Amino acid sequence: MNAAVERAGAQVAHQAGARTVIPMKTVAVRYVVLNQKGGVGKTQTTFQVGRELAELGLRVLVVDFDPQGNLTYAMGLLPPEDTPEDAPSLPKAMTGAWTGTPRELVVEYPHAPGLLLLPWSWDHFSMAKDLEHCKKQEERLSWVLDEFDGFVDVILVDCPPSLDVLNDNALMAIGDGRGKVLVPVEAEDFSLRATNILLGQIKAAEIAFRMTIDILGFVVSKMTDTLLALDCLEKILAIPGIPVLATVKHRTEIQQCVREHKALRDHAPKNDQLAVYTALAGKLKP
Ligand SMILES: Nc1ncnc2c1ncn2[C@@H]1O[C@H](COP(=O)(O)OP(=O)(O)OP(=O)(O)O)[C@@H](O)[C@H]1O
Ligand SMILES: [Mg+2]
């Protein structure tokens with residue numbers, strides 16, 4: 001059994017002399033979908049794989065950790081414009097400005113039971129700055145995610161295209177066996193360059209935070225059949241120690257998902273790339 005999934009079997013409580021076995025909370029498996037390069041498929045990977053994991057019968061939480069709010073938009077779950085400024089939010093939960101239970105923040109994707117979203121909020125814009133005033137500022141996302149153990153089976157975090165305190169939080173949340181990094185990449189030269197920088201930054205974070213960070217693998221998105229793309233794919237495949245988990249081809253129907261506010265399974269279930277996301281979900285399944 002995955003050590004990160006199950007931290008313990010059962011807890012024995014004594015109630016008026018009787019022994020009652022209380023099942024311990026199942027620890028949710030965490031993945032952070034991370035690359036500081038913009039537009040490489042982080043949000044699509046999070047949404048489509050989250051949807052496929054839900055299809056496999058798991059309870060899945062996808063977290064919009066990007067101030068752009070693209071995941072929340074793609075799922076059709078943006079908060080109403082008149083949401084009051086003091087409304088609870090993920091950033092407020094992280095800074096302690098709101099002390100309710102983070103599960104209250106979750107909204108359901110309407111087309112699949114089991115797929116839940118911790119949504120974007122206006123507070124996301126100042127999240128990095130607001131964290132500056134917090135002690136243990138890099139640990140705050142992990143603390144919030146801890147609240148979902150026993151509530152969901154898998155958590156996928158859609159990270160922003162940056163290398164700052166937000167992505168330090170993402171790495172901390174999966175450090176020391178709590179989860180793994182998924183790295184979406186494109187088969188093109190800028191993306192290859194960005195990937196090398198990212199791998200260096202992850203090594204630096206391991207040293208700075210004194211923890212191990214596991215990278216599960218690459219997800220190549222928007223793959224085309226040009227010679228240049230094929231050459232770049234070969235270079236990605238040659239990176240030692242990090243497997244390519246999936247190669248998703250460029251498809252207009254995947255792009256259209258954003259406008260339709262639906263995952264590929266709900267927008268175009270006959271699309272040939274759906275099977276790629278399903279297979280990827282199978283590799284992430286606890
Ligand atoms: N397989 C694909 N085929 C066609 N378009 C795709 C595919 N994957 C992603 N896209 C499109 O590419 C663009 C970038 O993808 P996405 O938003 O997932 O990247 P990102 O890494 O999350 O970007 P950002 O860094 O800005 O958050 C989007 O318009 C998305 O719809
Ligand atoms: Mg994104």
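**Exercise 1. Find out how strands β5 and β6 are joined, and what sits between them.**

Step 1. Start with the pairing: strand β5 (residues 107-108) is joined to β6 by two bridges, and the two strands run antiparallel. Keep in mind that you're working with a predicted model.

Step 2. Pick out a matched pair. V107 has L117 as its bridge partner in β6.

Step 3. Now look at the link. β5 and β6 make a hairpin with six residues between them. In that turn, G114 has a positive phi of about 100°.

**Exercise 2. Work out which way the side chains of β6 point, and what lies on the other side of this strand.**

Step 1. Recall the general pattern: side chains in a regular strand alternate between the two faces of the sheet.

Step 2. Check β6 (residues 115-118) against that. L115 and L117 point one way, while L116 and L118 point the other way. Buried or exposed? All of these leucines are buried.

Step 3. Look for another neighbour. Strand β4 (residues 60-64) runs parallel to β6, and four bridges join them. Within that pairing, V63 stands opposite L118.

**Exercise 3. Lay out the whole sheet and find its edges.**

Step 1. Write down the order. The open sheet has eight strands, arranged β5-β6-β4-β7-β3-β8-β9-β10, and its pairing is mixed.

Step 2. Read off the ends. β5 and β10 (244-249) are the edge strands with a single partner strand each, so one side of each has no neighbour in the sheet.

Step 3. Inspect the β10 end. β9 and β10 pair in the parallel sense over four bridges, and F218 has V244 as its bridge partner in β10.

**Exercise 4. Decide how well covered helix α6 is, and say what it packs against.**

Step 1. Count the buried residues: nine of the 10 residues in α6 (residues 165-174) are buried, so you can call the helix mostly covered. Among them are L166, N167, D168 and N169.

Step 2. List the packing partners. On the strand side, the buried residues of α6 pack against β3 (29-33), β7 (154-158) and β8 (179-186). The helices they pack against are α4 (127-131), α5 (140-146) and α7 (189-209).

Step 3. Step just past the helix, and you meet D176, with a positive phi of about 50°.

**Exercise 5. Explore the largest nonpolar core.**

Step 1. Begin with the general idea: nonpolar side chains tend to be buried together in soluble globular proteins.

Step 2. Find the best-connected members. The largest nonpolar core has 74 residues, and V32, V60, V154, I155, V157 and A170 touch the most other members.

Step 3. Zoom in on one. Leaving out residues up to four places away in sequence, V154 touches A28, V29, L53, L58, V60, L284 and P286.

**Exercise 6. Describe what surrounds ligand 1.**

Step 1. How many residues surround ligand 1? There are 20, and the closest are G38, K42, T43, Q44 and P161.

Step 2. Sort the shell by class. You get six nonpolar, 10 polar and four charged residues.

Step 3. Trace where they come from. α1 (42-55), β9 (215-223) and α9 (252-260) each supply at least two residues of the shell.

**Exercise 7. Judge whether the chain is as compact as a globular protein of its length.**

Step 1. Take stock: the chain has 11 helices and 10 strands.

Step 2. Compare the sizes. The radius of gyration is 19 Å, close to the 19 Å from the globule rule for 286 residues, so the chain is as compact as a globular protein of that length.

Step 3. Add the contacts. Among those between residues at least 6 apart in sequence, 76% join residues at least 24 apart.

How values were computed. Residues numbered from 1 in each chain as written. Chains lettered and ligands numbered in written order. Predicted model: local features only at pLDDT ≥ 70, side-chain atom pairs only at ≥ 80, totals over all residues. Core = buried A, V, L, I, M, F, W, Y, C linked by C-beta atoms within 7 Å. Buried ≥ 20, exposed ≤ 12 C-beta atoms within 10 Å, placed from the backbone. Contact = placed C-beta atoms within 7 Å. Near = placed C-beta within 6 Å. Nonpolar A, V, L, I, M, F, W, Y, C, P; charged D, E, K, R; others polar. Pairing = 2+ DSSP bridges. Rg over C-alpha atoms; globule rule 2.2 N^0.38 Å.
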